[in-house]
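Look at the sequence and the structure together before reading on. Start with the overall fold, then turn to a single pair of helices.

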Amino acid sequence: MQAISDNPVSMASYASMQRAGGDLQFNFNLGVRFDAIGQTNPAARLIQLYPAAISAEAKRLGYAPLTYAARVFTHEVDHLMDMHRGVWQNTRYAEFQAYKMESLFQNWTRPSLDARRMIWHEVGEDYPHLPVGKNPFGGLRAQRSAGTLCLLNNDQH
Ligand SMILES: [Zn+2]
């Protein structure tokens, strides 16, 4: 896919996926999992992207759909690499790591501390059902200040 090779971050993700023996598939079936925009099957090492759902979310967030698909791909490869290393857990922390990849894809630079706090807050909103796993900012106090920061920057959501 052209959009993947257009961005050095998704290019690197593609190379990692290949090294891990993974594969990418587009699922055009609108009937299944419309709530998901992408998912990774650990046993099959198969990343599936859902173009219709990706387009809808890209439109909602104001991104070009193909570029956004490449961004979601970097997210899923991060999960795949956790699986490959045998450290995969379905936690907010794993989503935090994957969101950081999306941030890297978008900005070509690692997120700042403030940006990471925003990401952690966002993950909490997007995945309230998942166990924390590991809090990247340590204790309760850090979490509370992250929450305040997000309230102040609410217009960026
Ligand atoms: Zn994820």
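The paragraphs below go from the whole chain to one helix and its contact with another.

This is a predicted model, in which local features need pLDDT of at least 70 and side-chain atom pairs count only at pLDDT 80 or more, while totals for chains, interfaces and linings use all residues. Residues are numbered from 1 along each chain as its sequence is written.

The protein has seven helices and three strands; these are DSSP runs, numbered from the N terminus, with helices (H or I) of at least four residues and strands (E) of at least two. Along the sequence the pattern is α-α-β-β-β-α-α-α-α-α. Of its 157 residues, 31% count as buried, meaning that 20 or more other C-beta atoms, placed from the backbone, lie within 10 Å of the residue's own.

Helix H4 covers residues 65-85, 21 in number. From first C-alpha to last it reaches 30 Å, close to the 30 Å expected, where the expected span is 1.5 Å times one less than the number of residues. Glycine 86 follows H4 and has a positive phi, near 75°.

Which residues of H2 meet H4? They are Val9, Ser10, Ser13, Ser16 and Met17, and their partners in H4 are Ala70, Phe73, Thr74, Val77, Leu80 and Met81. Contact here requires C-beta atoms, placed from the backbone, within 7 Å. By class, the contact of H2 with H4 has seven nonpolar residues (Ala, Val, Leu, Ile, Met, Phe, Trp, Tyr, Cys and Pro count as such), four polar and no charged ones (Asp, Glu, Lys and Arg), with the others, Gly among them, counted as polar.

How values were computed
Contact = placed C-beta atoms within 7 Å. Buried ≥ 20, exposed ≤ 12 C-beta atoms within 10 Å, placed from the backbone.
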